[in-house]
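Student: Please take a close look at the salt bridges in this structure, and set them in the whole chain. Please also cover a charged residue that has no such partner.

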Amino acid sequence: MQYQKEYHSPLGEMLLAADDEGLVGIWFQGAVHFGRGLEPGGREGEHPFLSEAERWLDCYFSGHEPEFQPPIHWSGTPFQQTVWGLLRQIPYGATITYGELAVRAAEQLGRPGMSAQAVGGAVARNPISVLVPCHRVVGADGSLTGYAGGLERKRRLLDLEAAARTCPDQAD
């Protein structure tokens, strides 16, 4: 069973989704791939993982760096899950290029190389926006490219992180 809840962020409405194993999605309304993987008939309302995601997002959008991570339950190919796991390793407030991410993915998968475009496709399908920081991936020249939630949101997320502080009263 999946549970869903709307979240009102400073950058627009978001939909949060979880099952009994963890978060399955966080999407900005109208984003590319919005709601991909949602089960029909998901229950609206409260669930502990949704509450934890709301607490994380509240901390994040208040300009603080959250020091906890709600559990995640990904549904994707092994390649996508590898790339999404690497996204979580990008330091808060930092960026990485698609090419650099491709090198890391190839190393982790034991391959001699990998295209930045293939990695970009996996990044674009990341179902857990903001918390899994696909917005931290930039073009080879450092330009802001490709964000399912829109480039203006990507710019604002990076600006928010540049000024972040540690969130007070963090509970594990």
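Tutor: What follows goes from the whole chain to the salt bridges, and then to Asp 19.

This is a predicted model, in which local features need pLDDT of at least 70 and side-chain atom pairs count only at pLDDT 80 or more, while totals for chains, interfaces and linings use all residues. Residues are numbered from 1 along each chain as its sequence is written, and side-chain values use heavy atoms, with hydrogens and water left out.

Begin with the chain. It has five helices and eight strands. Helices (H or I, at least four residues) and strands (E, at least two) are DSSP runs, numbered from the N terminus. From that end, the order is β-β-β-β-α-β-α-β-α-α-β-α-β. The radius of gyration, taken over C-alpha atoms, is 16 Å, close to the 16 Å that the globule rule gives for 172 residues, so the chain is as compact as a globular protein of that length. That rule is 2.2 Å times the number of residues to the power 0.38. Along the principal axes, the C-alpha atoms fill a box of roughly 45 × 35 × 30 Å.

Of the 172 residues, 48% count as buried. Buried means under 20% relative accessible area, exposed over 50%, and partly exposed in between (1.4 Å probe, protein chains only). Contacts are heavy atoms within 4.5 Å. Among contacts with a separation of 6 or more, 60% join residues 24 or more positions apart.

Now the salt bridges. The structure holds four. Each is a side-chain nitrogen of Lys or Arg within 4 Å of a carboxyl oxygen of Asp or Glu.

One of them pairs Glu 54 with Lys 5, with the closest N and O atoms 3.1 Å apart. Glu 54 lies in helix α1 (residues 48-61) and Lys 5 in strand β1 (residues 3-9), so this pair ties together parts 49 residues apart in sequence. Glu 54 is buried, at 17% relative accessibility. Lys 5 is buried too, at 16%. A network of salt bridges links Lys 5, Glu 46 and Glu 54.

Arg 136 and Glu 161 also meet in a salt bridge, at 2.8 Å from N to O. Arg 136 sits in the loop between α4 (116-124) and β7 (137-138), and Glu 161 in helix α5 (residues 151-162), so the pair ties together parts 25 residues apart in sequence. Arg 136 is buried, with a relative accessible area of 5%. Glu 161 is buried as well, at 4%.

Glu 152 and Arg 155 form another salt bridge, with 3.5 Å between the closest N and O atoms. Both lie in helix α5, three residues apart, about one turn of the helix. Glu 152 is partly exposed, at 47%. Arg 155 is partly exposed, at 39%.

Last comes Asp 19. It lies in strand β2 (residues 12-19). Asp 19 is buried yet has no salt bridge. The nearest side chain of opposite charge, Arg 88, is 13 Å away. Here Lys and Arg count as positive and Asp and Glu as negative, while His and the chain ends are not counted. A polar atom of the Asp 19 side chain does lie 2.8 Å from the backbone nitrogen of Glu 21. Leaving aside neighbours within four places in sequence, Asp 19 is in contact with Met 1, Gln 2, Tyr 3, Val 24, His 47, Phe 49 and His 73.

Key:
Polar contact = N/O pair within 3.5 Å; in protein donor to acceptor, adjacent residues only side chain to side chain.
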